[in-house]
Amino acid sequence: MNVIETALPGVLILEPKVFGDARGFFTESWNEARFNATVGSTVRFVQDNHSRSAKGVLRGLHFQRAPHAQGKLVRCVAGAVFDVAVDLRQGSATFGRWVGVELNADNHRQLWIPAGFGHGFLTLSDSADFLYKTTDYYAPQAEGCVRWDDADIGIQWPDVGVAPMLAEKDLKGQALKDLSPL
């Protein structure tokens with residue numbers, strides 16, 4: 001596995017080895033021992049999620065507060081997304097900064113997003129299937145959302161030719177400056 005560090009400490013792009021030929025391909029998408037060695041700690045995933053989104057769907061920027069804060073290991077297995085992590089750890093040297101990476105069915109990339117970061121993605125293809133493992137269970141009472149278009153964060157979302165389609169909760173996301181400590 002190739003590991004690429006991002007501008008946000010702890011957020012990693014993981015490129016698994018892919019073995020392919022005329023029949024198709026094989027890749028090891030998850031190996032607990034290798035992953036824990038890569039991130040330098042013991043991570044326990046408790047929930048797997050799968051979403052399908054149409055072109056232009058923008059989900060996020062989501063997070064969960066302690067004691068249900070979630071780390072996420074995300075990947076796109078069909079189609080393509082622009083995936084974003086935002087540092088929401090107040091007091092962090094990179095608070096409010098973001099990184100974005102294209103995840104798609106061809107590059108097999110995964111993004112590790114530790115607890116304390118907001119997460120979102122924009123669907124680039126006609127449809128995308130997005131899989132993610134989480135380190136804590138979904139807890140609606142701990143859920144939070146920062147606005148996808150917050151000027152203080154300044155995410156440069158790709159133009160996909162259609163206006164972003166958002167869920168009601170994402171339209172009501174709060175500004176970074178109004179975020180209480182996680």
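**Why the labels fit: His62, Tyr132 and their surroundings**

Biologist: Why is histidine 62 called buried?

Modeller: Histidine 62 has a relative accessible area of 17%. Buried means under 20%, exposed means over 50%, and partly exposed is what falls in between, using a 1.4 Å probe and protein chains only. The 17% is under the 20% limit, so histidine 62 is buried.

Biologist: What should I know about the model itself?

Modeller: It's a predicted model, where local features need pLDDT of at least 70 and side-chain atom pairs count only at pLDDT 80 or more, while totals for chains, interfaces and linings use all residues. Numbering runs from 1 along each chain as its sequence is written, and side-chain values use heavy atoms, with hydrogens and water left out.

Biologist: Which residues carry the "active site" label, and where does it come from?

Modeller: The label comes from UniProt, in an unreviewed entry, and sits at His62 and Tyr132. UniProt positions are in the numbering used here, with shortened feature names, and such annotations may be inferred rather than shown by experiment.

Biologist: How do you know that they gather at one spot?

Modeller: They span 71 residues in sequence, but no two of their C-alpha atoms are more than 13.2 Å apart, so they come together in one place. The lining of the largest pocket also takes in both His62 and Tyr132. A pocket here is an open set of points on a 1 Å grid over the protein atoms alone, with protein on both sides within 12 Å along at least five of seven lines; a cavity is a set where a 1.4 Å probe fits but cannot get out, and lining residues have an atom within 4 Å of a point.

Biologist: What makes tyrosine 132 partly exposed?

Modeller: Tyrosine 132 has 23% relative accessibility, so it counts as partly exposed.

Biologist: Which strands hold the two residues?

Modeller: Histidine 62 is in strand S6, residues 58–64, and tyrosine 132 is in strand S12, residues 127–134. Strands are DSSP runs of E with at least two residues, helices are runs of H or I with at least four, and both are numbered from the N terminus.

Biologist: What does each one touch, leaving aside neighbours within four places in sequence?

Modeller: Contact means heavy atoms within 4.5 Å. Histidine 62 has Lys72, Phe117, His119 and Cys145 among its contacts. For tyrosine 132 they include Gln47, Asn49, Lys72 and Val74.

Biologist: What makes the pairing of the histidine 62 side chain with glycine 60 a polar contact?

Modeller: The side chain reaches the backbone nitrogen of glycine 60 at 3.4 Å. A polar contact is a pair of N or O atoms within 3.5 Å; within protein, one must be able to donate a hydrogen and the other to accept it, and residues adjacent in sequence count only if both atoms are side-chain atoms. At 3.4 Å the pair is within that limit, so it qualifies.

Biologist: What about glutamine 64: buried or exposed?

Modeller: Glutamine 64 has 7% relative accessibility, so it counts as buried. Its side chain reaches the backbone oxygen of histidine 68 at 2.7 Å, and the backbone oxygen of tyrosine 137 lies 3.2 Å from a polar atom of that side chain. Glutamine 64 is found in strand S6.

Biologist: And threonine 134, buried or exposed?

Modeller: The relative accessible area of threonine 134 is 0%, so it is buried. Threonine 134 lies in strand S12, and its side chain reaches the backbone oxygen of aspartate 136 at 2.9 Å.

Biologist: What stands out in the backbone around S6?

Modeller: A cis peptide bond joins glycine 60 and leucine 61, with omega about 15°, and the bond from alanine 66 to proline 67 is cis too, with omega near 10°. Leucine 61 is in strand S6, while proline 67 is in the loop between S6 and strand S7 (72–78). Most peptide bonds are trans, and most residues other than glycine have a negative phi. Histidine 108 has a positive phi of about 60° although it is not a glycine.

Biologist: What makes the protein as compact as a globular protein of its length?

Modeller: It has two helices and 13 strands. Its radius of gyration is 16 Å, close to the 16 Å that the globule rule gives for 182 residues, so it is that compact. The radius is taken over C-alpha atoms, and the rule is 2.2 Å times the number of residues to the power 0.38.
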